[in-house]
Amino acid sequence: VSAMLAENFVLSAGTTSYTIGSGGVFNTIRPKDIASAFLRYGSLDLPLLPIGKETYDNASPLKFQLGTPLHFYFEPSFPLAKIYLSPTPDAAYELWIRGQKELTNYTSLMAAHGLERDYEDAIKATLAMQLAGNLGVPVSPAIMLSSTQSLNRLENLRSGDNPLVLDGGLLIV
């Protein structure tokens, strides 16, 4: 099960790339992807634009210059992923990232989980069916339908066959 989680890390002036994952410079659960990132400098938040490997590689003079980073490139390598910033940070900015991560454990029953809505729906509906069965109570048709639909949505998400829908109604298959 994966979740979208936000974390922050302190950058070092003059350092372009950082490893991220268990034992990395950013010692945390390795993200599968980074959805968004921004820099916090004092009371100012500065968004970072994601770029691909080719764009990062071709931005050669800019990526080695010192300045306020404008872009990031995320390389989901294993066992440690890497995040590259361009230009190279000129100060100890606070980097905030929102990334897709595998959930490994909860710190407590009351801990925020950050589950995607589809996972949360499937867990709740399936739990309701199991509890009804254990208590000898009939399962309502609405709960059966909710469980079936939420599990089907998860199956479609995991199969990778789902289309990407962008704002404005543009459909990409």
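The following exchange goes through a predicted model of one chain.

Trainee: How many helices and strands does the secondary structure of the chain come to?
Mentor: The chain has 173 residues, and 28% of them count as buried. Its secondary structure comes to four helices and 11 strands.

Trainee: What share of the contacts in the chain with a separation of 6 or more comes from residues 24 or more positions apart?
Mentor: One example of pairing across the sequence is strand β3, residues 31–41, with strand β9, residues 94–102. For contacts with a separation of 6 or more, the share from residues 24 or more positions apart is 61%.

Trainee: Do β3 and β9 run parallel or antiparallel, and which residue of β9 is the bridge partner of S36?
Mentor: Eight bridges join the two strands, and the sense is antiparallel. For S36, the bridge partner in β9 is R98.

Trainee: Which residue in the turn between β3 and β4 has a positive phi?
Mentor: β3 also pairs with β4, residues 44–50, in the antiparallel sense over five bridges. Among the facing residues, L39 has L46 as its bridge partner, and Y41 stands opposite L44. The two strands form a hairpin with two residues between them, and the turn residue with a positive phi, about 70 degrees, is G42.

Trainee: Which residue of β6 stands opposite L49?
Mentor: L49 falls within β4, which spans residues 44–50. β4 runs parallel to β6, residues 71–75, and two bridges join them. The residue opposite L49 is H71.

Trainee: Which residues touch the most other members of the largest nonpolar core?
Mentor: The largest nonpolar core has 18 residues. Strands β2, β3, β6, β7 and β9 each supply at least two residues of this core. Those touching the most other members are L11, F26, F72, I83, L95 and I97.

Trainee: Which residues does I97 touch, not counting those up to four places away in sequence?
Mentor: I97 falls within β9, residues 94–102, and belongs to the largest nonpolar core. Leaving out residues up to four places away, I97 touches L5, A6, E7, F9, I20, I34, S36, A37 and I83.

Trainee: Is Y84 buried or exposed?
Mentor: Y84 lies in strand β7. Beyond its neighbours within four places in sequence, Y84 is in contact with T16, S17, Y56, H71, F72, Y73 and E75. Its relative accessible area is 15%, and the cut-off for burial is under 20%, so Y84 is buried.

Trainee: What distance separates the C-alpha atoms of Y84 and K63?
Mentor: Along the chain, Y84 and K63 are 21 residues apart. Their C-alpha atoms are separated by 8.8 Å.

Trainee: Which residues are joined by cis peptide bonds, and what is omega for each?
Mentor: Most peptide bonds are trans. P79 is in the loop between β6 and β7, while P87 is in the loop between β7 and β8. The cis bonds join F78 to P79, with omega about 10 degrees, and S86 to P87, with omega about -10 degrees.

Trainee: How far apart are the N and O atoms where the side chains of D45 and R40 meet?
Mentor: The structure holds two salt bridges, and D45 with R40 is one of them. D45 has a relative accessible area of 37% and is partly exposed; R40, at 28%, is partly exposed as well. The N to O distance is 2.7 Å.

Trainee: Which residue forms a salt bridge with K53?
Mentor: K53 lies in helix α1, residues 53–58, and its partner lies four residues away in that helix, about one turn. K53 counts as partly exposed at 44% relative accessibility, and the partner is partly exposed at 34%. The closest N and O atoms are 3.0 Å apart, and the partner is D57.

Trainee: Which residues make the nonpolar surface patch of about 380 Å²?
Mentor: The chain exposes about 10,900 Å², with carbon and sulfur atoms supplying 59% of it. One patch member, V137, sits in the loop between α3 and α4. V137 qualifies because its relative accessible area is 44%, and patch residues need over 30%. The patch is made by L127, L131, L135 and V137.

Conventions:
Residues are numbered from 1 along each chain as its sequence is written. This is a predicted model: local features need pLDDT of at least 70, side-chain atom pairs count only at pLDDT 80 or more; totals for chains, interfaces and linings use all residues. Side-chain values use heavy atoms; hydrogens and water are left out. Two strands pair if DSSP finds at least two bridges between them. Buried means under 20% relative accessible area, exposed over 50%, partly exposed in between (1.4 Å probe, protein chains only). Contact means heavy atoms within 4.5 Å. Accessible areas come from the Shrake-Rupley method with a 1.4 Å probe; for residues, only the protein chains shown count as cover. Patches are made of residues with over 30% relative accessible area and no salt bridge: like charges are joined within 9 Å, nonpolar side chains (Val, Leu, Ile, Met, Phe, Trp, Tyr) within 5 Å. A salt bridge is a side-chain nitrogen of Lys or Arg within 4 Å of a carboxyl oxygen of Asp or Glu. A nonpolar core is a set of buried Ala, Val, Leu, Ile, Met, Phe, Trp, Tyr and Cys residues joined through side-chain atoms within 4.5 Å.
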